[in-house]
Amino acid sequence: MTHPARYWHREGERIVCTACPRLCTMSEGQHGFCYVRKHEDGRLVSLAYGKPNAVAVDPIEKKPLWHFLPGTTILSMGTAGCNLGCRFCQNWDLSKAKSHHKRALELAPEDVPALARREGAASVAFTYNDPTIYPEYVIDAARAARAAGVAAVGVTAGYISDAARADMYPELDALNIDLKGFSERFYHKLTFSHLQPVLETIEWSVKRGLWVELTTLVIPGHNDDPEELRAQFRWIAEHVGPDVPLHLTAFHPDYKLQDVERTPPETLIRARDEARGFGLRFVYTGNIWDRVGSVTACPSCDLPLIERRWHAVAANRVKADGTCPGCARQIPGVFDARSQSTSGGRRYHLL
Ligand code: SF4
């Protein structure tokens, strides 16, 4: 069963998908680059609507979202396919798969909040691959979730068209957006996409008032040039401000980059300190053991507010109104009575 897709127009006998800047042109029977959108019977259809191929319950810290309902769990789902072609993809078994080759959970949008509730999740995430390729489902499922008091989150590369973004993002409460590097050369050669649309998405989302955190997977020899990283930190400080958290995470050899070494912890720690030098207040490290890079400290009184051990929360002292208990400064993010003071960081699969 397919579902009618939005974001397309005809050019003669062919259809152009406008969900992302790739603008795939498809003759009858052809799929787009992401392989979940298809020209079928003279219209564009989605093969992914209501059929996630991966479903799990994660700690929200794993997304990573570290200033959004800390310590809670999140119902996470993704489909096969992707609109990027990252040669370092760490989820390539999903992103490079065809949906009809994978098992799927039949999950109508209106059933999403009940599943989240059953699993004790405070929110639902569209993650693992990129929700850009199935905006119709994200919009309907996020609406159903939020109507039932379950928050909705997107984890994305931000490579999306203006039209799809304008419809989909306001249905979400928070986003983690990958800023995969800071050169067009890197984006073009290693992700088969472009940098500028991603920067536009980041600025648009922050200005729109969405809660946004950024992630950069630091890959030795590809996007770890200190000058390039400094340019990235400067851009973040100047364009979206010092309160947007930045997660610098370690690469491990995967997919087409098997011959590249793991990111040395020193690289991330040095980058973390440099980013803080540009005024960024919340810079974290991921996939390494780094106590300093795992703690949220109050920017005013330096009180350690949230301490983490990998994806578990060891202590969360932020008050339910989002303020520091030491000096009453408002901490950027989304904190309320659902936030937990500790959590186990446990993950389990439903599919
Ligand atoms: S969403 Fe998929 S089909 Fe549409 S333009 Fe992007 S890659 Fe192509």
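Q: What makes the residues of the shell around the ligand divide into nonpolar, polar and charged ones, and how many are there of each?
A: In this predicted model, the shell divides into 8 nonpolar, 2 polar and 2 charged residues. The shell includes Arg-22 and Arg-37, and Arg counts as charged. Gly-32 and Asn-83 also surround the ligand; Gly and Asn count as polar. Among the nonpolar members are Cys-17, Ala-19, Leu-23, Met-26 and Phe-33.

Q: What makes a residue such as Cys-20 or Cys-34 part of the surroundings of the ligand?
A: A residue is counted if one of its heavy atoms lies within 4 Å of the molecule. Cys-20 and Cys-34 are on that list, as is Cys-24.

Q: Where does the ligand sit, and what does "sits" require?
A: The ligand sits in the largest cavity. The word requires that more than half of the atoms of a molecule lie within 2 Å of the grid points of the cavity.

Q: Why is Leu-23 called partly exposed?
A: Its relative accessible area is 44%. Buried means under 20% and exposed means over 50%, so a value in between is called partly exposed. Leu-23 lies in the loop between strand 3 (14–17) and strand 4 (25–26), and is one of the residues around the ligand.

Q: What is notable about the phi of Leu-23, and which residue in the loop between strand 4 and strand 5 (37–40) has a positive phi as well?
A: Leu-23 has a positive phi of about 50 degrees although it is not a glycine. Most residues other than glycine have a negative phi. The other residue is Tyr-35, with a positive phi near 70 degrees.

Q: Is Tyr-35 buried, partly exposed or exposed, and how do you know?
A: Tyr-35 has a relative accessible area of 26%. This value is neither under 20% nor over 50%, so Tyr-35 is partly exposed.

Q: Why is the peptide bond from Lys-63 to Pro-64 worth a remark?
A: Most peptide bonds are trans. The bond from Lys-63 to Pro-64 is cis, with omega near -10 degrees. Pro-64 is found in the loop between strand 7 (54–59) and strand 8 (73–78).

Q: How do you know that strand 5 and strand 6 (43–46) pair, and in which sense?
A: Two strands pair if there are at least two bridges between them. Strand 5 and strand 6 have 4 bridges, in the antiparallel sense. In one of these bridges, Lys-38 has Val-45 of strand 6 as its partner. The two strands form a hairpin with 2 residues between them, and Asp-41 in the turn has a positive phi of about 55 degrees.

Q: How many residues of strand 12 (211–218) are buried, and on which faces do they lie?
A: The count is 8 of its 8 residues, where buried means under 20% relative accessible area. One face carries Trp-211, Glu-213, Thr-215 and Leu-217, and the other carries Val-212, Leu-214, Thr-216 and Val-218. Both faces are therefore covered.

Q: Which strands pair with strand 12, and how do they run?
A: Strand 11 (174–178) is joined to strand 12 by 5 bridges, and the two run parallel. Strand 13 (246–250) is likewise joined to strand 12 by 5 bridges, also parallel. Asn-176 stands opposite Glu-213, while the bridge partner of Val-218 is Ala-250 in strand 13.

Q: Why do strand 15 (295–297) and strand 17 (312–316) count as edges of their sheet?
A: The open sheet has 3 antiparallel strands in the order 15-16-17. Strands 15 and 17 each have a single partner strand, so one side of each is left without a neighbour in the sheet. From one strand to the next, the twist averages 15 degrees.

Q: What makes strand 16 (304–309) and strand 17 a pair?
A: They share 4 bridges in the antiparallel sense, and at least two are required. Ala-312 is the bridge partner of Arg-309, and Ile-306 stands opposite Asn-316. In their hairpin, which has 2 residues between the strands, Trp-310 takes a positive phi near 60 degrees.

Q: Why is Ala-315 called buried or exposed?
A: Ala-315 has 15% relative accessibility. That is under 20%, so Ala-315 counts as buried. Ala-315 lies in strand 17, where 4 of the 5 residues are buried. Ala-315 and Ser-341 are 26 residues apart in sequence and 5.6 Å apart in space, C-alpha to C-alpha.

Technical notes. Residues are numbered from 1 along each chain as its sequence is written. This is a predicted model: local features need pLDDT of at least 70, side-chain atom pairs count only at pLDDT 80 or more; totals for chains, interfaces and linings use all residues. Side-chain values use heavy atoms; hydrogens and water are left out. On a 1 Å grid over the protein atoms alone, a cavity is a set of points where a 1.4 Å probe fits but cannot get out, and a pocket is an open set with protein on both sides within 12 Å along at least five of seven lines; lining residues have an atom within 4 Å of a point. Axes are lines fitted to C-alpha atoms, for helices over the stretch in contact, and angles run from 0 to 180 degrees between N-to-C directions. Buried means under 20% relative accessible area, exposed over 50%, partly exposed in between (1.4 Å probe, protein chains only).
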